[in-house]
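Student: I want to check the labels used for a model, one by one. Can you take me from each label back to its value?

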Amino acid sequence: MSRILVLTAIEDELGRARLPDGVRVIYTGVGKINAASAATLALLTLHPDLVINYGTAGKINETLRGLVEVSTVVQRDMMAMPLAPRGRTPFAPELDLLRSGQAGVVCGTGDSFVTSSDPWLIENNVDIVDMELFAVAQVCRRHGLPWRAFKFITDDANDLAHQDWTANVKDGEGLFWDTLERIR
């Protein structure tokens, strides 16, 4: 049986009540720095075979609902212009898009809670937004570990996002545990 590590930002998103054998959950804290730090420590101490990031997300693509799997993640807040266009890490083109190897949606990670329209997200075909996945995927890439990500859409990334997130943050937990049972 493989060792699966689930990284999620906070316990409000994912409790441990349905935690299956062989799976560890680590709470990283909110944002890319917290996620990168916690992911690195967890990989070095727990030596998982697979890392799964679960969390909540705001939707940019109006057709999406429920739990979605992420295929690709970008940094929506990497803004190093004029050294590189928005979303690109200067001098590191391998970090522009990180791919899970699974079919799914495009996630834009950034250290901001999205509450208004951002044309760049639409122009770059970003489907959902979160605050941790790019960091987790980057740590996995550097350590040669496979990753997958599942996000529960809580809000429309608009001026009501904070209210909708608060109301819906727990609603994806059961869907995630059901999905994990199917893919293990």
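Tutor: We go through the labels from the whole chain down to single residues. Keep in mind that the model is predicted.

Student: What makes the chain as compact as a globular protein of its length?

Tutor: Set its radius of gyration against the globule rule. The value is 15 Å, and the rule gives 16 Å for 184 residues. The two are close, so the chain counts as compact for that length. The C-alpha trace spans about 45 × 40 × 25 Å along its principal axes. Buried residues make up 53% of the 184.

Student: How many helices and strands does the chain have?

Tutor: It has 5 helices and 8 strands. From the N terminus the order is β-β-α-β-β-β-β-α-β-α-β-α-α. Contacts also reach far along the sequence. Of those with a separation of 6 or more, 72% join residues 24 or more positions apart.

Student: Which domain does UniProt place at residues 23–169?

Tutor: The unreviewed UniProt entry gives "domain: Nucleoside phosphorylase" there. Such an annotation may be inferred rather than shown by experiment. Over that range the chain is 27% helix and 29% strand. The end C-alpha atoms are 22 Å apart.

Student: Why is strand β4 called largely enclosed?

Tutor: Buried means under 20% relative accessible area. In β4, residues 67–75, 8 of the 9 residues are buried, so the rest of the structure largely encloses the strand.

Student: How do you know that β4 pairs with β8, β6 and β5?

Tutor: Pairing needs at least two bridges between the strands. β4 and β8 (residues 147–155) have 3, in the antiparallel sense. β4 and β6 (residues 105–109) have 5 and run parallel. β4 and β5 (residues 98–99) have 2 and run antiparallel. Each count reaches the cut-off. For single partners, V68 bridges to K151 in β8, T72 to V106 in β6, and V73 stands opposite L98 in β5.

Student: What makes A149 buried?

Tutor: Its relative accessibility is 0%, so it falls under the 20% limit and counts as buried. A149 lies in β8. Beyond neighbours within four places in sequence, it contacts N53, V68, E69, V70 and L133. A149 and L133 are 16 residues apart in sequence, yet their C-alpha atoms are 7.5 Å apart.

Student: Why is helix α3 called mostly covered?

Tutor: Count the buried residues. In α3, residues 133–143, there are 8 out of 11. They are L133, F134, A135, V136, A137, Q138, V139 and C140. G144 follows the helix, with a positive phi near 70°.

Student: Which residues have the most contacts inside the largest nonpolar core?

Tutor: They are L7, V51, V73, I128 and W147, in a core of 30 residues. Two or more residues each come from β1, α1, β3, β4, β6, α3 and β8. The largest share, 7 residues, comes from α3. V51 touches residues including L5, L7, L43, V136 and W147. There is also a second, separate core of 13 residues, with V23, I52, W177 and L180 among them. In soluble globular proteins, nonpolar side chains tend to be buried together.

Student: Why is the pair of Y54 and F176 called tilted?

Tutor: Two tests apply. Ring centres must lie within 6.5 Å to pair, and a tilted pair is neither under 30 degrees nor over 60. Y54 and F176 are 4.7 Å apart, centre to centre, with 35° between the planes. Both tests are met, so the pair is tilted. Y54 sits in β3 (residues 50–59) and F176 in α5 (residues 173–183), so the pair ties together parts 122 residues apart in sequence. Both residues are buried.

Student: What makes the pair of F176 and W177 tilted?

Tutor: The ring centres are 5.3 Å apart and the planes stand at 55°, so this pair is tilted too. F176 and W177 are both buried. By the ring rule there are 3 aromatic pairs. Ring pairs link Y54, F150, F176 and W177 into a cluster.

Definitions and conventions
Residues are numbered from 1 along each chain as its sequence is written. This is a predicted model: local features need pLDDT of at least 70, side-chain atom pairs count only at pLDDT 80 or more; totals for chains, interfaces and linings use all residues. Side-chain values use heavy atoms; hydrogens and water are left out. Helices (H or I, at least four residues) and strands (E, at least two) are DSSP runs, numbered from the N terminus. Buried means under 20% relative accessible area, exposed over 50%, partly exposed in between (1.4 Å probe, protein chains only). Rings of Phe, Tyr and Trp (its six-membered ring) pair if their centres lie within 6.5 Å; planes under 30 degrees apart count as stacked, over 60 as edge-to-face and the rest as tilted. A nonpolar core is a set of buried Ala, Val, Leu, Ile, Met, Phe, Trp, Tyr and Cys residues joined through side-chain atoms within 4.5 Å. Contact means heavy atoms within 4.5 Å. The radius of gyration is taken over C-alpha atoms; the globule rule is 2.2 Å times the number of residues to the power 0.38.
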